[in-house]
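Student: Hey, can we go through this structure together? I'd like to start with what counts as touching.
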Amino acid sequence: MAAPLASKAGSAGPNSKPPFPELDFRSGARVEELNKLIQEFTKHDQREYDDQRALEIHTAKDFIFSMLGMVQKLDQKLPVANEYLLLSGGVREGVVDIDLDELNVYARGTDYDMDFTLLVPALKLHDRNQPVTLDMRHSALCHSWLSLRLFDEGTISKWKDCCTIVDHINGATNYFFSPTKVADWFYDSISIVLSEIQKKPQRGMPKVEKVEKNGTIISIILGVGSSRMLYDIVPVVSFKGWPAVAQSWLMENHFWDGKITEEEVISGFYLVPACSYKGKKDNEWRLSFARSEVQLKKCISSSLMQAYQACKAIIIKLLSRPKAISPYHLRSMMLWACDRLPANYLAQEDYAAHFLLGLIDDLQHCLVNKMCPNYFIPQCNMLEHLSEETVMLHARKLSSVRSDPAEHLRTAIEHVKAANRLTLELQRRGSTTSIPSPQSDGGDTNQPDDRLAKKLQQLVTENPGKSISVFINPDDVTRPHFRIDDKFF
């Protein structure tokens, strides 16, 4: 055990003992040291972007939006005026609840420098004022099939080749929107568009370094200037309103009450292309509350978010085999903790170490009891399908973390520092220098306006996860017009 801190002169009587530093009872680690390690991890994990990097991020985003406009133009399936949700962090980071076992492994530093997830509605149901009732008769809890009978004949005609067909005894035909067929169509369409774009490359255009279908998501890695950006593009079904199955959740007290309005929290939800453990992959979609989670994140203290990010970095490495726990499980536990614990406690700036240890304890508790309720639909247990052998294996691994959290934090710090060093080394080598930077496009040697760069930096890096509406003219896909919340750019 570490030596006690010396007491201040004259502050203690002759028989009093000097106070000990605050220690973690289980591991004996100094809380002060854990706090410093979490701060160091945060410093290396959250990088500051200069003006050049902000412009590169903006260029990549514009390329993705323009590409989606060309996909829409192919067969008019995607809505002309679509509303995307752009999230900071890839699917592997747990920003949406999608199974990770079908995804290829990408590593920051080795494969990409920054990662994003883009939810792209293939269908929209945006005119509902009452709770949305879904067809859950064939599905596990938190999942649903989607019949195109909810849509008009034109929509059915456009999408019937991406459906599974069920004929009823009365002779009627029902088309169920298929997540696997939609993902196949989306990947094929994106591949066609990118092939056409690459036939006529333009100066300053991002270099497409990788396009892969990972289960039902499409992963694209772009090289722009000195940056490599991963976009996980997810085809979804978008709804306004709130699902009836989650209606009871609104009746409970929550940590965000009084901080944001209920209208902000329940403005919409999605169906994402993921099925349950025993579900039918061709038919079953998973409910996603990603839009609500963006709003709830505003109410979480910075110290708790730092602890969450550090804990996530530890478990991604430690619990990767077999794949049973995802960062999304940890996110759900954090939201439950926010409901359970007093707000003034969670707001303490120097409590990041307490929060990290608590998240590890929570995760171990969930594993031992094989119980992790979905935050929005608590009756859905996200660990129900796991075997006893798997949960106990991961619980034992977490026990090693809990016995020496400082050492695992140091390992996480070394990993993120190594990724950053690799990124800098690739930049120095000029691995993507053949790609002109956006500001050199057209031979203009003038430096870009500082105000523009700052606006772009604020737009892309300081406000991740905002709702982005994109209005694309199919006859001029080179100029997307987009809106973030109520601001137009």
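Tutor: Sure. Contact means heavy atoms within 4.5 Å. With that cut-off, isoleucine 64 touches Leu118, Ile220, Leu222, Tyr231 and Ile233, leaving out residues up to four places away in sequence.

Student: Okay, and where do these numbers come from?
Tutor: This is a predicted model, where local features need pLDDT of at least 70, side-chain atom pairs count only at pLDDT 80 or more, and totals for chains, interfaces and linings use all residues. Residues are numbered from 1 along each chain as its sequence is written, and side-chain values use heavy atoms, with hydrogens and water left out.

Student: Which residues touch the most other members of the largest nonpolar core?
Tutor: Ile64, Phe177, Phe186 and Ile220 do, out of 115 residues in that core. A nonpolar core is a set of buried Ala, Val, Leu, Ile, Met, Phe, Trp, Tyr and Cys residues joined through side-chain atoms within 4.5 Å. Buried means under 20% relative accessible area, exposed over 50%, and partly exposed in between (1.4 Å probe, protein chains only). The largest share of this core, ten residues, comes from α10.

Student: What's with names like α10?
Tutor: Helices (H or I, at least four residues) and strands (E, at least two) are DSSP runs, numbered from the N terminus.

Student: New topic: which residues of α11 are buried?
Tutor: Thr390, Val391, His394, Ala395, Leu398, Val401 and Arg402. Down the axis of α11 they fall within an arc of 125 degrees (taken from the directions from the helix axis to the C-beta atoms), so they line one face of the helix. Glu389 and Arg396, on the other side of α11, are exposed.

Student: And what covers that buried face?
Tutor: The cover includes α7, α10 (352-369) and α12 (405-429).

Student: Is serine 303 buried or exposed?
Tutor: Serine 303 counts as buried because its relative accessibility is 2%. It lies in helix α7 (residues 302-318).

Student: Last one: how many aromatic pairs are there in the whole structure?
Tutor: A search finds 21. Rings of Phe, Tyr and Trp (its six-membered ring) pair if their centres lie within 6.5 Å; planes under 30 degrees apart count as stacked, over 60 as edge-to-face and the rest as tilted. The rings of tryptophan 185 and phenylalanine 186 have centres 5.6 Å apart and planes at 10 degrees, so that pair is stacked. Tryptophan 185 and phenylalanine 186 are both buried.
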